[in-house]
Amino acid sequence: MTSFLDPLISFVSAHAWLAYLTLFLAALLEAVPVVGSVIPGSTIILALSALVPGGDLKLQWVLLAAAFGAVLGDGSAYWIGHRRQREILNTWPLTNYPRVVEQSERFFHRFGTWAVFFARFVPPIRAFVPVTAGALGMAPARFYAVNIPAILFWAPAHVLPGVLAVSALHEYAGPHHGHPFKHMWILTVAGVAIVVGVAVWIYHRRNGGTVAGAKPPA
């Protein structure tokens, strides 16, 4: 696996703008209904954060790329829902995911405006709540008043763990040993993402695909 990561890290070092573009697209696509439920955007952001302490990527640009992608993705989904109202929830491809759409509506009705904030941290409905908020008539000012602060929390929460972990390892073993730490962090993030993904899939299979904590419909 390290033989694969070595050229990848070297490529990112030489073409940092592609890494920033990848971060931007990962955050943007996570907010696209249906697509966002399968794109491992958070995993990509967490993994690439390991490249900040060594200077391969700059922290401010990583945070900006992730935040801007999330704002544009959430905003685009919201405005599509706001323009088409409930019609969008009954249109392909959302009609292929009626259970997740229903969960998103229940989540929104349960938490109200704060659903936009909480959903940023709850896959897979993170990809459905912005469009649902628009479809249910949430005012733009209320949406952005909650969505932007949520993203300002979400971006550092996904970037800083990798930065701090690899920085601590640099401090402990010295910067000349930094390359293996990048491997360790990237492989750990990928492994945890796979385990969590499988666990969530099994949980949904056993519980009929309901979201934990969501109230049953009245």
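Contact, throughout this tour, means that heavy atoms lie within 4.5 Å. The structure on screen is a predicted model, and the stops below move from the whole chain to single residues and then to the spaces between them.

**The whole chain**

Begin with the full protein in a cartoon view, where nine helices and zero strands can be found, following one another along the sequence in the pattern α-α-α-α-α-α-α-α-α. Of its 218 residues, 41% count as buried, and among contacts between residues at least 6 apart in sequence, 77% join residues at least 24 apart.

Now colour the model by confidence: the average pLDDT is 77, and 71% of the residues score at least 70. Confidence is lowest in helix α1 (residues 2–14), with a mean of 58, and highest in α4, with a mean of 93. Select residues 208–218 as well, where pLDDT stays under 50 although the model has 18 contacts there beyond four places in sequence.

**Leu29, in helix α2**

Select Leu29, which has its place in helix α2 (residues 16–29). With neighbours up to four places away in sequence set aside, Leu29 touches Val35, Gly36 and Ile39. The C-alpha atoms of Leu29 and Ile39 are separated by 6.9 Å, with the two residues ten apart along the chain. Leu29 counts as partly exposed, because its relative accessibility is 30%.

**Ala66 and Ala67, in helix α4**

Move next to Ala66, which is found in helix α4; its relative accessibility is 0%, so Ala66 counts as buried. Which residues does Ala66 touch, not counting residues up to four places away in sequence? Show Leu23, Ala27, Ile45, Trp154 and Ala155 to see them. A C-alpha to C-alpha distance from Ala66 to Val159 comes to 8.8 Å, although these two are 93 residues apart in sequence.

Ala67 also has its place in helix α4, and with a relative accessibility of 14% it counts as buried. Leaving aside neighbours within four places in sequence, Ala67 is in contact with Ile151 and Ala155. From Ala67 to Ala27 the C-alpha distance is 7.4 Å, and the two are 40 residues apart in sequence.

**His158, in helix α8**

Select His158, whose place is in helix α8. Is His158 buried or exposed? At 12% relative accessibility, His158 counts as buried, since the cut-off for that class is under 20%. Beyond its neighbours within four places in sequence, His158 is in contact with Ser42, Ile45, Leu46 and Ser49.

**Phe107, in helix α5**

Phe107 lies in helix α5 and counts as buried, because its relative accessibility is 9%. Once neighbours within four places in sequence are left aside, Phe107 is in contact with Gly112, Ala115, Phe118, Ala119, Ile125 and Val129. Of these partners, Phe118 is eleven residues from Phe107 along the chain, with 9.4 Å between the two C-alpha atoms.

**The nonpolar cores**

In soluble globular proteins, nonpolar side chains tend to be buried together. To look at such a grouping here, select Leu94, Val116, Phe128, Ala133 and Met138, which touch the most other members among the 25 residues of the largest nonpolar core. The elements that give two or more residues to this core are α4 (59–84), α5 (98–111), α6, α7 and α8. Apart from it lies another core, of 22 residues, including Leu48, Leu57, Ala65 and Ala155.

Stay for a moment with Met138, which, leaving aside neighbours within four places in sequence, is in contact with Tyr78, His82, Phe108, Thr113, Val116, Ala133 and Phe143.

**The cavity**

The last stop is an empty space. How many cavities of 30 Å³ or more does a search of the whole structure find? The search finds one, and about 50 Å³ of space lies in this largest cavity. To frame it, select Asp74, Val116, Ala119, Arg120, Arg126, Val129, Pro130, Phe143 and Asn147, which line the cavity. Two or more of the lining residues come from each of α6 (114–119), α7 (129–135) and α8 (140–173). Colouring the lining by class shows five nonpolar, one polar and three charged residues. Val116 can be kept selected here, as it is named in this lining and also belongs to the largest nonpolar core.

How values were computed: Residues numbered from 1 in each chain as written. Predicted model: local features only at pLDDT ≥ 70, side-chain atom pairs only at ≥ 80, totals over all residues. Heavy atoms only, no water. 1 Å grid on protein atoms, 1.4 Å probe; cavity = no way out; pocket = protein on both sides within 12 Å on 5 of 7 lines; lining within 4 Å. Points joined across faces, edges and corners; volume = space filled by probe spheres on them. Helix = DSSP H or I, 4+ residues; strand = E, 2+ residues; numbered from the N terminus. Nonpolar A, V, L, I, M, F, W, Y, C, P; charged D, E, K, R; others polar. Core = buried A, V, L, I, M, F, W, Y, C linked by side-chain atoms within 4.5 Å. Buried < 20%, exposed > 50% of the residue type's maximum accessible area, 1.4 Å probe, protein only. pLDDT = per-residue confidence, 0-100.
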